[in-house]
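Please find below my notes on the model, arranged as numbered points. They take up the contacts with nucleic acid before turning to the sheets and a helix pair.

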2 protein chains.
Amino acid sequence: METFPDILWKRFGNASKYPKNSTEDFFMRTPTIRDVAQRAGVGVGTVSRVINGSPQVADGTRQKVLEAIAELGFSPNKAARQLSGGKTSTVGVITPFLTYPSFVERLAGIQDVLDHHDYDLVLYSIRHPQQTQRKLREIGAQVAVDGLIVLSFLLQTFTHEELRRMNLKLPLIAVDHDPQDYYPHIFIDNVAGGRMAAEYLIRKGHRKIGFVGHVIESAFENESGFTSSQRRFKGMKDMLLEAGLPINDAWYQFGAPNEYSACEQALHILSVPNRPTAIFAAYDTLAFGVQAAIDKLGMKCPDDVAVIGFDDVKAASYMRLTTVNQQLFHSGELGAQYMLERLKTGSFKPDHWHVELALTVIERATA
Amino acid sequence: METFPDILWKRFGNASKYPKNSTEDFFMRTPTIRDVAQRAGVGVGTVSRVINGSPQVADGTRQKVLEAIAELGFSPNKAARQLSGGKTSTVGVITPFLTYPSFVERLAGIQDVLDHHDYDLVLYSIRHPQQTQRKLREIGAQVAVDGLIVLSFLLQTFTHEELRRMNLKLPLIAVDHDPQDYYPHIFIDNVAGGRMAAEYLIRKGHRKIGFVGHVIESAFENESGFTSSQRRFKGMKDMLLEAGLPINDAWYQFGAPNEYSACEQALHILSVPNRPTAIFAAYDTLAFGVQAAIDKLGMKCPDDVAVIGFDDVKAASYMRLTTVNQQLFHSGELGAQYMLERLKTGSFKPDHWHVELALTVIERATA
DNA sequence: TTTGACAATGGAAACGTTTCCAGATATACT
DNA sequence: AGTATATCTGGAAACGTTTCCATTGTCAAA
């Protein structure tokens with residue numbers, strides 16, 4: 001009971017270490033650059049040059065080689081390529097082990113760009129912050145990727161000095177990362193985003209504004225820098241103070257980053273005697289929970305209580321949620337794009353060192 | 001303006017092709033197995049044996065080697081390992097380019113298992129079905145992965161014969177795949193799942209049951225085998241017929257696989273004079289859209305119209321959605337687990353050839 | 001003491017590329 | 001014709017492992 005590929009693998013896979021003699025192997029081996037060279041009647045160097053698009057090849061020769069490649073169905077072996085030339089055509093993405101929709105959308109953006117440039121994507125995940133250093137060291141030492149995109153978490157513990165000690169020879173770019181000078185990064189101004197959300201609600205006539213956010217409890221989340229909820233909260237409060245609007249701690253609740261918890265929190269907020277007329281949720285996912293709470297209390301969303309989210313994940317548009325767009329997919333695209341450019345040119349463009357993405361309030365049905 | 005790693009990379013990275021002479025390089029190179037051997041005063045073969053856990057090493061020697069490895073911070077080069085031994089410690093996952101939550105949960109399961117076994121995960125995505133063959137061939141030829149997990153789509157076009165022609169030497173396992181005899185696969189009985197959902201609603205006293213599903217429009221979706229929505233619909237209809245309940249085509253709507261579209265469809269269904277009292281949504285995401293529609297019409301979810309979904313994605317529990325659980329995360333875990341076992345033992349266990357996962361109705365607040 | 005068996009070890013060859021250098025060929029200029 | 005220059009090409013060496021074979025050392029049995 002074996003797959004067909006299995007049988008082939010067991011019988012011929014990784015063999016061919018000995019049968020060097022017979023020119024025409026009865027069993028088809030995976031063709032190598034040598035086979036191509038022989039077939040085209042040229043040297044291996046020439047084939048390599050053709051593969052890599054070197055201009056130093058006569059047109060006629062190139063033709064012959066390309067034909068031989070096509071006939072044999074040759075595709076260069078990645079490992080050999082990497083071992084010899086130091087290039088893997090692979091980019092790593094390292095993330096906390098989370099499945100937030102926002103993470104997925106960013107990843108999709110990265111994948112999309114890499115795919116168009118024939119780069120592969122290796123996904124690393126970090127479960128515990130202590131793993132981070134070891135993992136980075138491993139990745140660096142194995143030379144399995146050409147570059148690394150750090151997605152949605154903060155390398156707080158990795159200072160300049162520590163990386164120097166690690167001797168990590170790997171270009172790094174961070175997507176969704178607080179501004180720091182150690183690596184290029186793509187980021188948003190969460191405080192400003194909080195202000196924008198609050199400002200929008202104020203402009204809509206709201207004077208009592210609540211907040212549902214993410215409480216930072218575990219050491220991991222803390223060290224990983226999941227501070228966006230806090231920043232957004234700060235931005236909102238700043239705005240409220242400036243506008244001279246009331247601050248009431250009973251209107252602000254923090255909990256786990258999921259809809260269910262957000263629903264509970266919203267229920268609390270909406271049960272106080274002097275309840276707010278609008279709620280700002282730190283993430284869209286939390287906003288969905290808030291909507292559920294409003295529903296549960298028999299209230300109407302835009303009229304009794306307005307809701308604004310943050311992120312603009314795909315589901316937000318389906319749910320007609322008013323929210324702050326932060327260009328999730330695009331952030332991934334940019335990260336990948338800059339990384340590829342870095343790999344091609346040898347250095348990051350100064351402009352790509354510190355890239356802030358614009359935020360936009362998207363007005364839909366909930367506020 | 002360069003990252004610190006950048007500078008190192010440019011100056012020393014991939015160099016060391018020449019400085020063979022001086023025993024003590026001033027600039028630290030990435031240590032190789034030879035460095036370890038020298039430091040431990042043994043041969044390279046011995047170091048290799050230690051790394052790979054061969055019993056053919058004296059304890060004392062092993063100690064020395066391990067120490068040298070630790071001191072130098074040595075980590076074996078993946079490319080070299082692969083080129084020589086044919087093993088990559090990497091498993092590929094190939095999927096249609098989609099970001100459905102169900103896909104992500106399966107992927108998370110895979111990632112989780114691989115991570116625990118020090119395997120890397122390479123993510124391939126297919127945008128057009130025509131790519132599939134080329135992509136598979138590439139993956140096979142590059143020998144960049146030890147095995148391939150085909151996730152959430154059907155290799156309909158790849159018959160036994162075609163794969164034989166491709167000479168694909170790669171163990172394959174499919175997760176969320178219709179039963180076929182060509183590869184091992186993990187699957188669910190979608191028809192039975194549809195029956196279960198319908199049966200549940202009937203048991204709850206419903207006699208008029210609607211359906212919101214996914215219309216198969218594009219060639220890609222068609223060829224990729226996105227037939228689960230149809231199967232679930234068939235199961236439901238079978239059950240209704242058996243129970244002698246009414247069939248009314250106005251109650252069944254099909255559209256794009258997102259909340260928004262599902263909302264529209266549900267609005268249609270609930271606007272007919274003789275509307276159903278319960279709706280079965282082919283996916284949880286669609287169920288969320290149905291709930292939105294109910295809300296919009298000023299109806300109450302469990303009382304006026306009941307809703308049952310399918311998949312039991314994470315969000316379903318937050319949303320208190322009654323649904324059919326299909327063990328998404330677990331399906332990924334199993335796929336990865338079986339693949340690793342295959343890689344270790346050389347063949348898939350007969351029991352793992354054809355694995356059906358149980359379905360369970362999860363009763364929550366919406367039906 | 002000799003022999004045989006076996007465990008432990010060192011090191012060469014092989015994996016399939018890229019890159020560099022030297023050589024060959026063609027072209028242009030004296 | 002002879003020389004210089006530019007273009008093209010072949011092939012060896014190198015990348016860092018694993019694996020196999022040969023060699024050494026050890027111990028038990030004769």
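**Notes on the predicted model**

1. The element that gives the most to the surface near DNA strand D is H5(B), with 4 residues. This is a predicted model, and the points that follow should be read with that in mind. Helices from both chains take part in this surface: at least two residues each come from helix H3 (44-51) and helix H5 (78-85) of chain A, and likewise from helix H2 (33-40), helix H3 (44-51) and helix H5 (78-85) of chain B.

2. Around DNA strand D there are 30 residues, of which A:Gly43, A:Thr61, B:Ile33, B:Ser48 and B:Ser84 come nearest. Of the atoms of DNA strand D that come within 4 Å of the protein, 60% are accounted for by sugar and phosphate. By class, the residues of this surface comprise 9 nonpolar, 15 polar and 6 charged.

3. The individual polar contacts with DNA strand D involve both backbone and side-chain atoms of the protein. On chain A, a backbone N or O atom of A:Ala58 lies 2.9 Å from a phosphate oxygen, while on chain B an N or O atom in the side chain of B:Arg81 is likewise 2.9 Å from a phosphate oxygen of the strand. B:Ser84, listed above among the nearest residues, places a polar side-chain atom 2.7 Å from a sugar or linking oxygen of DNA strand D.

4. DNA strand C is surrounded by 32 residues, the closest being A:Ser48, A:Ser84, B:Gly43, B:Thr46 and B:Thr61. Sugar or phosphate makes up 61% of the atoms of DNA strand C within 4 Å of the protein, and bases make up the rest. The surface near this strand has 11 nonpolar, 15 polar and 6 charged residues.

5. Chain B supplies several phosphate contacts to DNA strand C. A polar side-chain atom of B:Thr61 lies 2.3 Å from a phosphate oxygen, and polar backbone atoms of B:Gly43 and B:Ala58 are found 2.6 Å and 2.8 Å, respectively, from a phosphate oxygen of the strand. Two or more residues of the surface near DNA strand C come from each of helix H2 (33-40), H3 and H5 of chain A, and from each of H3 and H5 of chain B.

6. How are the strands of the 12-stranded open sheet ordered? The order is E11(A)-E5(A)-E4(A)-E3(A)-E1(A)-E2(A)-E2(B)-E1(B)-E3(B)-E4(B)-E5(B)-E11(B), with mixed pairing. Strand E11 (354-356) of chain A and strand E11 (354-356) of chain B are the edge strands, each pairing on one side only, and the twist from one strand to the next averages 20 degrees. Within chain B, strand E1 (residues 90-96) runs parallel to strand E3 (residues 147-151) and is joined to it by 4 bridges, with B:Val91 having B:Gly147 as its bridge partner.

7. Chain A also has an open sheet of 6 strands with mixed pairing, in the order E7-E6-E8-E9-E10-E12. Strand E7 (252-255) and strand E12 (360-362) each have a single partner strand, so one side of each is left without a neighbour in the sheet. Here the twist averages 25 degrees from one strand to the next. Strand E10 (residues 323-325) and E12(A) run antiparallel and are joined by 3 bridges, and the bridge partner of A:Thr323 is A:Ile362.

8. Finally, the axes of helix H6 (residues 101-116) and helix H15 (residues 328-345), both of chain A, come within 7 Å and cross at roughly 40 degrees. That angle makes H6(A) oblique to H15(A), and the crossing is right-handed.

Notes:
Residues are numbered from 1 along each chain as its sequence is written. Chains are lettered from A and ligands numbered from 1 in the order in which they are written. This is a predicted model: local features need pLDDT of at least 70, side-chain atom pairs count only at pLDDT 80 or more; totals for chains, interfaces and linings use all residues. Side-chain values use heavy atoms; hydrogens and water are left out. Two strands pair if DSSP finds at least two bridges between them. Axes are lines fitted to C-alpha atoms, for helices over the stretch in contact, and angles run from 0 to 180 degrees between N-to-C directions. A residue is near a molecule or strand if one of its heavy atoms lies within 4 Å of it. A polar contact is a pair of N or O atoms within 3.5 Å; within protein, one must be able to donate a hydrogen and the other to accept it, and residues adjacent in sequence count only if both atoms are side-chain atoms. Ala, Val, Leu, Ile, Met, Phe, Trp, Tyr, Cys and Pro count as nonpolar, Asp, Glu, Lys and Arg as charged, and the others, Gly among them, as polar. Angles under 35 degrees count as roughly parallel, over 145 as roughly antiparallel, 65 to 115 as roughly perpendicular and the rest as oblique. A crossing is left-handed if the near helix is turned anticlockwise from the far one by less than a right angle, and right-handed if clockwise.
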